Structure formats: structure tokens, C-alpha cells
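User: I'd like to go through this structure and ask where the labels come from. Can you take me through them one at a time?

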Amino acid sequence: MSTSRLFALSALARGGPMHGYQIRQAAQLDRTELWTDVKAGSLYSVLHRMAGDGLVEVVRSEKVGGPPERTVYAITERGRRELAALRDAALRKVRLLPDPVDLALQFTADLSHGDLVEAIADRRRAVAEQITMFEAEFEAARPDLTGLEPWIFEHCLARLRADLAWHDDLLDSLERNSRRAS
């Protein structure tokens, strides 16, 4: 599943022909980097690859003011079919993204109990800070959100809160194990 393709095709289907900078601005306006792995800077290469795959086509080049000249893309019929397939897959399939912390936990035998607890506590604080940031972004964006957009924020917050609860459970378990070992 290419979320960058899904975003770029969606932007073109929704907004009509656009150049890469306009699509990048749409990603920033939609706060896409907050809740997906789409990076605004990568959209240019995605557009180029999709043009090679026949999903988008170059409709013109335009130059407004000084450089650079901008290539304007439009979604093709093949791109619309790809968009429908990508959207359907994203809506129907559950994807558990790997978290490097799980791999790191497998290799903590050489850490002291205190160092492990400190590392997990630091990570827990980072998750809590991310929740606070998302809540602030949600409140700031709320007046401008339409349709299902509030549910995107709610989904991200639910996942972050579950991650925070997991950290709390892990820290409690480490504390119980430490008391038993003493």
C-alpha cells in the first residue's frame, strides 16, 4: 500500500490538475504528516513514478513569476481505478505497523533494570507529549474540519492512548518483577 500514491491521486481527483507544489501544499493544509507516513517532499518523485506508470499525465508546464517551471499533472482513468483500489484496501485491511521498540525489547538483556526502566519511562513521556500535541492540533483544526476529518484525529489519539497504556502496563510489570527479584 502506497499512502503517498493514495494521497496524490486523491488530491488530483478532488482538486483537478495540479502541479507538485500545489499537492504538497494540500498535504500541509490537510496536516497529512501528522497522521500518515506521507512526506510532502516525497510527492514530487511519487508524481514522476505515477506518470511513468500511466496513473497521471502531464497536461502542461507553467511558469508563474520566476523559476522554477512547474509541471501540472492530471489523474488518468487508470489512475482513478488505482485510487479506488488503494482506497478500498486502506478502508478494509488492518495494518499493524512495526514499531522498532518491539525489536529493541528483544535485545535488552545487557541493560540494567534501572536503565531499561529509564528508557521505557522516557519513551512513555514522549508518547504523552505526542498526545498533548495531537490534542492541541485537533482543537486548533476543529473549526475547519469537515466530514470524517474529526474521526482521523480521534483514530490517531485512540492509538496513541493505547500506546500510552501499554507503556504504563510495561512499567508496572517491570516494577513488579523488580520487587520479586529483591
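User: What is the handedness of the crossing where α2 passes α4?

Analyst: α2 passes α4 in a right-handed crossing. By the rule, a crossing is left-handed if the near helix is turned anticlockwise from the far one by less than a right angle, and right-handed if clockwise. Before we go on, this is a predicted model: local features need pLDDT of at least 70, side-chain atom pairs count only at pLDDT 80 or more, and totals for chains, interfaces and linings use all residues. Residues are numbered from 1 along each chain as its sequence is written, and side-chain values use heavy atoms, with hydrogens and water left out.

User: Why is α2 called oblique to α4?

Analyst: The axes of α2 (residues 20–29) and α4 (residues 43–52) cross at roughly 125° and come within 9 Å. That makes α2 oblique to α4. Angles under 35 degrees count as roughly parallel, over 145 as roughly antiparallel, 65 to 115 as roughly perpendicular and the rest as oblique. The axes are lines fitted to C-alpha atoms, for helices over the stretch in contact, and angles run from 0 to 180 degrees between N-to-C directions.

User: Which residues in α2 and α4 meet?

Analyst: Gly20, Tyr21, Ile23, Arg24 and Ala27 in α2 meet Leu43, Tyr44 and Leu47 in α4 (contact means heavy atoms within 4.5 Å). That set divides into six nonpolar, one polar and one charged. Here Ala, Val, Leu, Ile, Met, Phe, Trp, Tyr, Cys and Pro count as nonpolar, Asp, Glu, Lys and Arg as charged, and the others, Gly among them, as polar.

User: What makes α1 oblique to α5?

Analyst: Again, the angle. α1 (residues 3–15) and α5 (residues 77–92) pack at about 125°, with their axes 9 Å apart. That makes α1 oblique to α5. The crossing of α1 and α5 is left-handed. On the α1 side, the contact is made by Arg5, Leu6, Leu9, Ser10 and Ala13; α5 brings Gly79, Arg80, Glu82, Leu83, Leu86, Arg87 and Ala90. These residues divide into six nonpolar, two polar and four charged.

User: Why does His19 count as buried?

Analyst: His19 has 5% relative accessibility, so His19 counts as buried. The cut-offs are under 20% relative accessible area for buried, over 50% for exposed, and partly exposed in between (1.4 Å probe, protein chains only). His19 lies in strand β1 (residues 18–19). Not counting residues up to four places away in sequence, His19 touches Glu62, Arg70, Thr71 and Val72.

User: How do you know whether Leu157 and His167 in α8 are buried or exposed?

Analyst: Same test. Leu157 has a relative accessible area of 2%, so Leu157 is buried. His167, at 0% relative accessibility, counts as buried too. With neighbours up to four places away in sequence left out, Leu157 touches Ile131, Phe134, Glu135 and Phe138, while His167 is in contact with Ile120, Arg123, Arg124 and Val127. Across the protein, buried residues make up 29% of the 182 residues.

User: What is the radius of gyration, set against a compact globule?

Analyst: The protein has 22 Å, where a compact globule of 182 residues would have a radius of gyration near 16 Å. The radius is taken over C-alpha atoms, and the globule rule is 2.2 Å times the number of residues to the power 0.38. The C-alpha trace spans about 70 × 40 × 35 Å along its principal axes.

User: How many helices and strands are there in the protein?

Analyst: Eight helices and three strands. Helices (H or I, at least four residues) and strands (E, at least two) are DSSP runs, numbered from the N terminus.
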